[in-house]
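The following report examines selected features of a single protein chain. It considers individual residues, aromatic pairs and enclosed or open space in turn.

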Amino acid sequence: MIKKVCVYCGSGSGLGDSYLKGARELGEEFLRRGIDLVYGGASIGLMGEIANTILTGGGKVTGVMPSGLFRREVPHRDLTEMIEVSTMHERKAIMADLSDAFIALPGGFGTVEELFEILTWSQLKIHSKPCGILNIAGYYDKLSEFLTYAVDQQFIRAQHKTMIVWCDSPAGLLDKFAHYCPPMETK
């Protein structure tokens, strides 16, 4: 059963309103399902939007932030819990330990790096939790094309590409998580 979901997303808001709206909709879906949020702890951008949506609705939010980022990412001061760590490696390990599943919203290098690290951990069987992309406004369409190309070029196995649960709606993504089975290894 999924009770806590780690969301990787940008500390920026992106261009237009669609990304902020998508973050709010995901937060609202968490509230409907009684899911707690685990995230990077910032009060700005998509990170702040999803946290504020859940907090305003009475949900629980845990932020995990390295002490060095407290000066740059503007930590959220009203979280249910803020865990301060020493390094990014520690941050990612704690977020993974606390969470039952992982979702990437739009973001930059950090978001994509966190997503690919948690996918690598799944590929290496360090965990078997669902990993998904909420593809707001087609943000990750080009990534999907790249991954298909990487499979075609035999750098990624087809079953490993299926570790990523794709959807453009929060409810649809969480419904798919409920039926997620890690891919079987083939040779």
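Is E81 buried, partly exposed or exposed? In this predicted model, E81 counts as partly exposed, because its relative accessibility is 41%. The residue lies in strand β4, which covers residues 81–85. Leaving out residues up to four places away in sequence, E81 touches V61, T62 and G63. Its C-alpha atom is separated by 31 Å from that of C181, and the two residues are 100 residues apart along the chain.

M1 offers a second case of sequence distance set beside spatial distance. This residue is placed in the segment before β1, and it counts as exposed because its relative accessibility is 87%. M1 and F177 are 176 residues apart in sequence, while their C-alpha atoms are 9.6 Å apart in space.

**Accessibility of selected residues**

| Residue | Relative accessibility | Class |
|---|---|---|
| M1 | 87% | exposed |
| Y19 | 14% | buried |
| E81 | 41% | partly exposed |
| N135 | 11% | buried |
| Y139 | 36% | partly exposed |

**Aromatic pairs**

The structure holds three aromatic pairs. In one of them, the ring centres of Y8 and F102 are 6.2 Å apart and the ring planes meet at 5°, so the pair is stacked. Y8 belongs to strand β1 (residues 4–8) and F102 to strand β5 (residues 101–104), so the pair ties together parts that are 94 residues apart in sequence. Both Y8 and F102 are buried.

Y19 and Y139 form a pair with another geometry: their ring centres are 5.7 Å apart and their planes stand at 80°, so the pair is edge-to-face. Y19 is part of helix α1 (residues 18–33), whereas Y139 sits in the loop between β6 (131–134) and α5 (141–152), so this pair ties together parts that are 120 residues apart in sequence. The two partners fall into separate accessibility classes: Y19 is buried at 14% relative accessible area, and Y139 is partly exposed at 36%. Together with Y140, the residues Y19 and Y139 form one aromatic cluster.

**The loop between β6 and α5**

N135 is also placed in the loop between β6 and α5. Which class does N135 fall into by relative accessible area? N135 is buried, because its value of 11% is under the 20% limit for that class. Two polar links involve its side chain. The side chain of N135 reaches the backbone nitrogen of Y139 at 3.1 Å, and a polar contact of 2.7 Å joins the side chains of N135 and D141. Y139 thus takes part both in the link to N135 and in the edge-to-face pair with Y19. When neighbours within four places in sequence are left aside, N135 is in contact with Y140, D141, C167 and D168. Among these contacts of N135 is Y140, a member of the aromatic cluster.

**Enclosed space**

How many cavities of 30 Å³ or more does a search of the whole structure find? The search finds one. The largest cavity holds about 40 Å³ of space. Its lining consists of Y8, K92, A96, E114, E117, I118 and W121. Y8 therefore appears in two settings, as a lining residue of this cavity and as the stacked partner of F102. Helices α3 (88–98) and α4 (109–123) each supply at least two residues of the lining, and α4 gives the most, with four residues. By class, the lining of this cavity divides into four nonpolar, no polar and three charged residues.

**An open pocket**

The second largest pocket contains about 170 Å³ of space. Its lining is made up of F116, L119, T120, Q123, L147, F155, I156, R157, H160, K161, M163 and I164. The elements that give two or more residues to this lining are α4 and α6 (158–161). The largest share, four residues, comes from α4. Seven nonpolar, three polar and two charged residues make up the lining by class.

Helix α4 links the two descriptions of space: it gives the most to the lining of the largest cavity and the largest share of the lining of the second largest pocket. The lining of the cavity has no polar residues, whereas that of the pocket has three.

Note on methods. Residues are numbered from 1 along each chain as its sequence is written. This is a predicted model: local features need pLDDT of at least 70, side-chain atom pairs count only at pLDDT 80 or more; totals for chains, interfaces and linings use all residues. Side-chain values use heavy atoms; hydrogens and water are left out. On a 1 Å grid over the protein atoms alone, a cavity is a set of points where a 1.4 Å probe fits but cannot get out, and a pocket is an open set with protein on both sides within 12 Å along at least five of seven lines; lining residues have an atom within 4 Å of a point. Grid points are joined across faces, edges and corners, and a volume is the space filled by probe spheres set on the points. Ala, Val, Leu, Ile, Met, Phe, Trp, Tyr, Cys and Pro count as nonpolar, Asp, Glu, Lys and Arg as charged, and the others, Gly among them, as polar. Rings of Phe, Tyr and Trp (its six-membered ring) pair if their centres lie within 6.5 Å; planes under 30 degrees apart count as stacked, over 60 as edge-to-face and the rest as tilted. Buried means under 20% relative accessible area, exposed over 50%, partly exposed in between (1.4 Å probe, protein chains only). A polar contact is a pair of N or O atoms within 3.5 Å; within protein, one must be able to donate a hydrogen and the other to accept it, and residues adjacent in sequence count only if both atoms are side-chain atoms. Contact means heavy atoms within 4.5 Å.
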